[in-house]
Amino acid sequence: MSGGLVIIGGGGAGISAATRARRVNPDIPITIYSQERRFSLSVPAQYDYTTDDRNSDGEMHLAREWRDLPDNIRVVSDSRVVRIMPEEKKLLVENRKRKAARSVRYDRLIICTGANPLRPLLPGAGLDGIFTMRSIRDSLAIKLYFDRYNPTQALIVGGSFVGLEMLENLREYPHVITLAERAPQLMGEALDADMAVLIEDYLRSRGINVITNCEAVGFQGEQRVSRMLGNSRDIDCDFVLMATGVYPNSQLAKDAGIELGCDNAIHINNRMETNIPNIFAAGDCVTTFHTVSGHHDYMPRPSTALKQGRVAGENAAGGDAAFKGAIGTAILEVFDLEISRTGLCEKECAALGIPCVTHKIKAPTRPTYFDTVGEINIKLIAEQNSLRLLGAQIVGNEGAGRRIDMLATAITLHATMDQLIDIDAAHAPAFSPVWDPLLEGMSRF
C-alpha cells in the first residue's frame, strides 16, 4: 500500500511543504504528523500571547491555519515520530496521549522538525519560574506564571533576537527587567559592536538594566527561582527567560543515518534532499547555503523555513525546484527602535578573510521640519576592491528597519556601490529627506 508523502512537523516549513506539494500534485496523499495539538506559530508571533488576556485558552487563531489547509491534506496532531526506517520506508509514530506506537509507510518523506531552545544544564535550572520560549505552550505557561505569582524582578538571559523581542511584552507588567548577556555586546551573531552599542544605550534609556559580560552559571531559590548566579555578578530575580539560542532538532534524522552538517543541522542540497533517497528536509533543522560567504551555515529564520519548505514540497511531489540560499536578512522591533541586518558583518568578513571597507551614517528619517523626526544609523560593508555590497546593519526609529530590504536585494544581485548610487529612489518628505540616508551612505565609498 502506498504511503504517499509524509511530513514530520506542523510548523511553517511543514505547512509550506504540504501546500506546495498539493499544488504540484493534486493526487498524492499527504499526511502531516505534528507533536503539537495546535498549529505552531512562528516564534515572534507567540510573544504577544504572554500578555494578551484574550489568549488565555491558547485557541484564538492557532487552529485556523490547519483548517485553512486543503481538505485532502491530513494532519495528525499530538503525534511524535520516534523512528525513521529508510530501508523499509516506514516511520514509528507514537501518540502522545495513549503512548501507543504504530508503523506508518511513506513513499517520500520531508523532515521539518524545527529547532529546540538551548537550556544549559546549570545548577538550579529546574526551579519554578525559569522558562524558554519556542512554542505556544511556553507562551501560555509564562502568562499563567505571571498571573499566579506576579513576579517583580524579571531576568532575560541572552541578548539576541528572542531576548530583545520579549522585552516589550514583559514591560506590560510593573516590574524591574534585567537583560544579561555573556558576550561583550548584544546581538553578537547579527551585528557589529559599534551598532550593538546603540541598542544597549537605547534600552537603558527605557529603564532596562543591561548587563554584558555576565554568563549564568547557576540559579538559587526554594521552589521558585530567586537569584541567578553569574560569572561576574549575581542578579536577584523571580522570573527568568532563558533566551540563549536554539539548536536543530536533528537527532531523529541522525539516528536514521542522515548526514548532519554544521551545528548538527541536517545537511541538504539545493533541492532540499538529504543523503538518503526520497528523504527531504527543510526549516530550522537544516543547514542553509549562505550566498555571500559561500558556506553552509545554520541560520534559523521563519522566512527561510517557508522557502525551503516550498522547495522540498515541490520536489517531493515530483517537481523540480531549487533553493539558491539566503543571506541572513532579519528585522525586529524593540519598543520603538527598529533593528535590521543582512549579509555579512565586518567581523564575519574578517573571519572569512574577505578584505572589506565600511562606512556608517547617522541621519534623520525625514526632514527635520516635521514635528516627529526619527533617527537612522546605517552601516554598510563592501568588498575592498570591487566595492560590491557584502552586508548592512540598520538601527533607528520608525521607517528605518525596512530599508534593509533594498540592501538585501542589492546583495542578492551582487551590486556594487557605483551601481547602487544611481538608483532612482522614491522621495516624499513624509518618508525621507531629499537625499535618502541609504544613498548618502553609498556616496561615501
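## A three-stranded sheet

Two strands count as paired here if DSSP finds at least two bridges between them. With that in hand, look at this predicted model: three strands make an open sheet, ordered E4-E5-E6, with antiparallel pairing. At the edges sit strand E4 (79–85) and strand E6 (101–105), each of which pairs on one side only. On average, neighbouring strands of this sheet are turned by 30 degrees against each other, ignoring direction.

Let's zoom in on one pair. Strand E5 (residues 90–95) runs antiparallel to E6, and five bridges join the two. If you want a spot to click on, try Lys 90, which stands opposite Arg 105 in E6.

## The cavity

Now for the empty space. Searching the whole structure turns up one cavity of 30 Å³ or more. The largest cavity holds about 60 Å³ of space.

Around the largest cavity there are 11 lining residues, and those nearest its centre are Pro 117, Met 133, Val 162, Gly 245 and Val 246. Sorted by class, the lining of the largest cavity comes out as seven nonpolar residues, three polar and one charged.

## The second largest pocket

There's also a pocket to look at: the second largest one has a volume of about 310 Å³. Its lining is made up of 16 residues, with Gly 399, Arg 403, Phe 431, Ser 432 and Asp 436 lying nearest the centre.

As for chemistry, the lining of the second largest pocket splits into eight nonpolar, four polar and four charged residues.

Definitions and conventions:
Residues numbered from 1 in each chain as written. Predicted model: local features only at pLDDT ≥ 70, side-chain atom pairs only at ≥ 80, totals over all residues. Heavy atoms only, no water. 1 Å grid on protein atoms, 1.4 Å probe; cavity = no way out; pocket = protein on both sides within 12 Å on 5 of 7 lines; lining within 4 Å. Points joined across faces, edges and corners; volume = space filled by probe spheres on them. Nonpolar A, V, L, I, M, F, W, Y, C, P; charged D, E, K, R; others polar. Helix = DSSP H or I, 4+ residues; strand = E, 2+ residues; numbered from the N terminus. Axes fitted to C-alpha atoms, helices over the stretch in contact; angles between N-to-C directions.
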